[in-house]
Amino acid sequence: MTQKDPGGFLPLHNNWFHILLSLVGTEQHGYGIMQEVLERTSGAVRIWPATLYGTLQRLITDGLIEESDERPVAELDDARRRYYRLTRLGRKVLDLECRRLQEMIRMVQRKRRQEAY
Amino acid sequence: MNRRLHFCLTLYRRLASAYPHEFRMLYGEDLDRLGEDAVPEVWRRHGLRGLLRLLADIAVQLPVMYLREIRQDVTYALRVLAKSPGFTSVAILSLAVGIGMCCTVLSEIQPLVGPPPGVRDPARLVTFWWSTASYPYFERYRDEHQVVAAATAVLGPVPFAVAFAGDRSARAERFYGQLVSPEYFSTLGVTPAAGRFFSPETEKPGMPPVVVVSDRFWRTRLAADPYAVGRRLRLNGLMATIVGIGPKGFQGIWPGYTADLFVPATCDASVAPELTGDPLNRYDREIFRVVLRLAPGVTMPIAEATINTITRNLDREYGVPSGRDGKGRMLRLMPAGTFLYITPEQHAFVNAFNVVLWALVLSLVCVNLANLLLARGSQRRREIAIRLSVGASRPRLIRQFLTESVLLSFAGGVAGIVLAYGITRVMSSLPVPSPSPLEFNCQLDFRVLALTLAIALAAGVGFGLMPALSSARVDIGPTLKDGSQAPLRGYRRFGSRNLFVVCQMAVSLMLLVVTWFVAAGFLNTTRLDVGFETGNLILMSLDPARDGYSAERTSALVAALPDEVSRVDGVRSMTLAGSVPFASLTSDRANTRVASQTGDGSGGQVLHSAFRDFIGANYFATLGIPLLAGREFDGRDQWQDEPGPQAAVPAILNQTAARELFGGENPIGGRIREDERAYTVVGLTRDVPSGFLVTRPIATVFLPLTTEWFRKNPAARATILLRATTTRSTLASVRNRLASLHPDLTVFDVRTMREDLDRLNSFVEWQAAIYITLGMFALLLACLGLGGVTVYAVARRRKEIGIRMALGARSRQVQALVLKEGTALLMAGSVLGLGGAFAIAHAFAAFSDTLARTFAMRPNNPALVFSAPLVLAGLATLACYLPARRATEIDPMAALREE
């Protein structure tokens, strides 16, 4: 199978970016992702359920995330929930997007400094 | 949980449950669980607005999910179709050819049977069948308001020499137009694109010449000049003002004879020589075609009865002879705006024939498509079973099949439209054989196209659904084990596929036989012996009146021409003619009534229909048609002064006319009468076929082309026929000679007789080619259908054949086993098809001359009858034989090991 070019996914859609970011270093189920995004953005970004699962499906199809086999301890687990984690490709895409955003912020800051003079 | 939350959650679950099956299999439970968590949390944070936003999200995402699945289906279907290029190309090609042919068959006939474009409510427009009327008669018909809502008189096509500059020396071009009564445009319900049209108030005798030009003329000749209205053109040497421009697409009431100029019939005869002799006030100048718009609720028979009553009253009033039986003239009406003179019955026949042809082709295409899709469905059962076993839903599989068949139908439809468009373009660009400006403007009929496409699409969807439904009911276990050889649930030995093949064979054979009969008829026509030598025979036309010649100058010109032209080097003989033999497909028709006269002066045998032709001296010698008795016209007959009414003018009869007028007696010296004129028969010539599609020889009376005739018919054009030693150099010499002697005379339509006949031949051959292509198409589809079924049967019986061969069956026995089934289908289809074909051909032969002629040849020509079925049988057997031979190549070990 041909390796997908991570650069081809940029710029990332807002929802994609938030979902990938919420899966960094952790495995999450749908509700967890929704809550994490909500808290991280102080309620500014809410990914609604149907949009969330539509996006998760696309991310899985494109190979940016995958379903995790690992489950939490039995008392915390809900059998109906599925857990997701980042793939290597997803991680690369997210890094590239972060770098792109940082570069843009730097550009804005440079422009502002020029303006101040 | 409060009621609002409960209601919201119920609604959420309902919407979530409507998500696509495969999505629900993966995320359904998660989505439900997330809803249960999110609803109270959203209520807490955002209240009612939040709940509404939550519901809106799930509702909006629902169609998105389905669209995503459809996109996947389409991508998958494209991949699947690309993997079987044979199947895909055959299906698309057969649909394309079918749709293309269907649309052409019905669109082609539209310019022939009308109605013309741009006319309001054409169904209520009628005209006289094979009959013209005088202007006073027309005025009486027009004023019969209880039956006739409006009426107009039309004379045309009429040539005009048009010069765009006012200068007299400006070179004139020839355009065709119509001389029309002022009510023309209002009767047809046509409104001007610019300026005004004619009306009885504005167009009165003695008014300055005016003209309405067509949209095409305005665009191509006036460069779409926005100030064209008010501009002046020189028409036949006189200045005329453009008062209006016709609407787009409107070219007059007769669709074939397109008109670019419309001049009121009230104009002066100097603008249009056709109007010489005050035809507007002469009851005996029956030169106008009358178009009536029937009053609401009036049917054609009622109008016919009223018109006949008025005609008989007028005949009595003017003392017009009322025919031999004394019952008076009987006029028949037909729909106006048709290319041909056709009765309502013929109109219905032409429509019915083409609709039957259309239906046959279309049903053949549909049956073939059904066969292909069914065969393919049965081959894909293992794939379906695998998809079902890994969780695909049955509706999704059905949708997948539907997507494939819709894609096929769509691709076939698009290709069909392109093909139909191409064929109609070629048809329109073919030169139509006719002495007048005939245009066969074949355009794609979009209603026909839409209907054909809809049926083809419906067939695609319907027949795509059938294998999908049966395959989706498949038992997964046995199918996975046996693959495509597992029987379908409810499969019978003579299943729907075999039924379809029998239908396909039958319909193919019907189509093949009918098209073969029509094509054979057409091709017979092209092999017709014209009856005279056509080599080195040159034709050229003159129209002195439109070059500004007076009647006297014309007479002098025509008197001098034979001598002038005969002196040119290379001219062996030369003659003049009023009409050209074989100028069109059906050029000659009865145009007079002639009676033989006995010695005592009383009337003898009355011949109602005869063709009267005016010819010059040495006509038969120039054409090379030998006279059977008597002599042909010479200079004495030609240039005599106008004889008195009792003086006998010489006439020459053809064999048919002589037989009908004089029975077995020698006609030479006999006398005949045409109205009040008497003629003495001086010669007898043999029958020469009078037209391309005219099967019977027509009784023809040849009269001398006299100076008197030119005086009486100032608008007539004459054709010079000359037999040369070499065509090209003689032609140039004659043209030079004419140009030096008569510099203001335009010589046009210069061609050889061979070219004229080739033009006719190519038109007829094109018609035949269309029918032959249709027949070939039927043949191809039949073979494909039968071949497909046999391939399928062989695949299904692979194991059985393997066992038989392992037990010692020989190749021949295996072949016979496979061929038996195909031959049975072939026989059943042939019997049905042959019966149907003869029923159709017999029914239509009653109406169609071409079909009748072929049909009449049937008893003497067994090849004609049996060639089509034999070719079909041969090719179909081959289509069975090839898979049968492949069946013998089955390796028994491999076939058995596959299990």
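**Figure 1. Chain B, with over half of the picture tucked away inside.** Buried residues account for 53% of the 899 residues in chain B. Keep in mind as you look around that this is a predicted model. Count up the secondary structure of chain B and you get 25 helices and 21 strands. Take the contacts in chain B between residues at least 6 apart in sequence: 80% of them join residues at least 24 apart. As for the outside, chain B has an accessible surface of about 39,000 Å², and carbon and sulfur atoms hold 59% of that.

**Figure 2. Chain A, built from four helices and three strands.** Follow chain A along its sequence and you'll meet these elements in the pattern α-β-α-α-β-β-α. Chain A has 117 residues, and 44% of them are buried. Now look at contacts in chain A with a separation of 6 or more: residues 24 or more positions apart make up 58% of these. The accessible surface of chain A is about 7,000 Å², with 51% of it on carbon and sulfur atoms.

**Figure 3. Where chain A meets chain B.** How big is an interface? People often answer with the accessible area lost when the parts come together. Here, chain A and chain B bury about 2,300 Å² between them, and 53% of that lies on carbon and sulfur atoms. Chain A brings 22 residues to the contact, while chain B brings 26 residues.

**Figure 4. A salt bridge and some polar contacts across the interface.** How many salt bridges turn up between chain A and chain B? There is one, and it links the side chains of Arg46(A) and Glu41(B), with 3.0 Å from N to O. You can also look for polar contacts between the two chains: 10 residue pairs make them. On the side of chain A that touches chain B, the elements giving two or more residues are helix H2 (30-40) and helix H3 (49-61) of chain A. H3(A) supplies the largest share of that side, 10 residues. Sort the residues of this side by class and you get 11 nonpolar, five polar and six charged.

**Figure 5. Helix H2 of chain A, wrapped up by its surroundings.** Why can we call H2(A) largely enclosed by the rest of the structure? Because eight of its 11 residues are buried. Those buried residues are Gly30(A), Tyr31(A), Gly32(A), Ile33(A), Met34(A), Gln35(A), Val37(A) and Leu38(A). So what covers them? From chain A, the cover includes helix H1 (14-22), strand E1 (28-29), H3 and E3. Chain B joins in too, with its own helix H2 (21-83), so watch the chain letters when you read "H2". Just after H2(A), look for Ser42(A), which takes a positive phi of about 55°.

**Figure 6. Ser68(A), a buried residue in a loop.** Zoom in on the loop of chain A that runs between strand E2 (65-67) and strand E3 (83-86), and you'll find Ser68(A) there. Is Ser68(A) buried or exposed? Its relative accessible area is 4%, so it is buried, since buried means under 20%. Leaving out residues up to four places away in sequence, Ser68(A) touches Glu27(A), Tyr83(A), Tyr84(A) and Arg85(A). With one of these, Glu27(A), the side chain of Ser68(A) makes a polar contact of 2.7 Å to the partner side chain.

Methods:
Residues numbered from 1 in each chain as written. Chains lettered and ligands numbered in written order. Predicted model: local features only at pLDDT ≥ 70, side-chain atom pairs only at ≥ 80, totals over all residues. Heavy atoms only, no water. Buried < 20%, exposed > 50% of the residue type's maximum accessible area, 1.4 Å probe, protein only. Polar contact = N/O pair within 3.5 Å; in protein donor to acceptor, adjacent residues only side chain to side chain. Contact = heavy atoms within 4.5 Å. Areas by Shrake-Rupley, 256 points an atom, 1.4 Å probe, with all protein chains shown as cover. Buried area = accessible area lost by both parts, 1.4 Å probe. Salt bridge = Lys/Arg side-chain N within 4 Å of Asp/Glu carboxyl O. Nonpolar A, V, L, I, M, F, W, Y, C, P; charged D, E, K, R; others polar.
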